[in-house]
Amino acid sequence: MNITDLDPMRPPNLRQVFVANAILKEYRKLNEKFVGRAIETRYKSLTLPRHQLTIGQRSYQYYASKYFNQMPNNIKQLVSDKGIKEKVKVFVRCLKI
């Protein structure tokens, strides 16, 4: 039996858990910034926080912003808490990180 990366029975790796928790922790703030952007802009992505050191790029805020930009718009625009957690976890499981 071969286990693939998208197998639902396969447990997520540590980095996937970290990214999912970072997105869920910062979701409300990122969602407010995303929904408030003009629709006619070319790219509806958020700017990443600027850090001088690599250690700053390992923070929750940086990872949350980075992977929030990669999420599909239908997940970014969710308002209710009902499906956010499960959809973010499925999205992160599909990432190659």
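## A tour of a four-helix chain

Of the 97 residues in the chain, 31% are buried. The model is a predicted one, and its secondary structure comes to four helices and zero strands, so a cartoon view shows elements that run α-α-α-α from the N terminus on. Among the contacts between residues at least 6 apart in sequence, 67% join residues at least 24 apart.

**Select helix 1 and helix 2**

Begin with residues 14-35, which form helix 1, and residues 60-70, which form helix 2; the axes of these two helices come within 7 Å and cross at roughly 75 degrees. That angle makes helix 1 roughly perpendicular to helix 2. To see the contact itself, show the side chains of helix 1 that take part, including Phe-18, Ala-22, Ile-23, Leu-30 and Phe-34, together with those from helix 2, among them Tyr-60, Ala-64, Tyr-67 and Phe-68. If you colour the residues of this contact by character, they divide into 12 nonpolar, four polar and three charged.

**Select the buried side of helix 2**

Staying with helix 2, pick out Tyr-62, Tyr-63, Ala-64, Ser-65, Tyr-67, Phe-68 and Asn-69, which are buried. What covers these buried residues of helix 2 includes helix 1, helix 3 (73-76) and helix 4.

**Select the core**

Next, look at the largest nonpolar core, which has 19 residues, and in which Ile-23, Phe-68, Met-71, Val-88 and Val-92 touch the most other members. The elements giving two or more residues to this core are helix 1, helix 2 and helix 4 (84-94), and helix 1 gives the most, with seven residues. In general, nonpolar side chains in soluble globular proteins tend to be buried together.

Ile-23 is a useful residue to centre on here: leaving aside its neighbours within four places in sequence, Ile-23 is in contact with Ala-64, Tyr-67, Phe-68, Met-71, Val-88 and Val-92.

**Select Lys-29 and Glu-26**

Finally, return to helix 1, where Lys-29 and Glu-26 both lie, three residues apart, or about one turn of the helix. Their side chains meet in a salt bridge, with 3.0 Å from N to O, and the count of salt bridges comes to one. Are the two partners buried or exposed? Lys-29 is partly exposed, with a relative accessible area of 48%, whereas Glu-26, at 8% relative accessibility, counts as buried. Glu-26 also belongs to the contact of helix 1 with helix 2, which brings the tour back to its starting point.

Technical notes. Residues numbered from 1 in each chain as written. Predicted model: local features only at pLDDT ≥ 70, side-chain atom pairs only at ≥ 80, totals over all residues. Heavy atoms only, no water. Axes fitted to C-alpha atoms, helices over the stretch in contact; angles between N-to-C directions. Parallel < 35°, antiparallel > 145°, perpendicular 65-115°, else oblique. Contact = heavy atoms within 4.5 Å. Nonpolar A, V, L, I, M, F, W, Y, C, P; charged D, E, K, R; others polar. Core = buried A, V, L, I, M, F, W, Y, C linked by side-chain atoms within 4.5 Å. Buried < 20%, exposed > 50% of the residue type's maximum accessible area, 1.4 Å probe, protein only. Salt bridge = Lys/Arg side-chain N within 4 Å of Asp/Glu carboxyl O.
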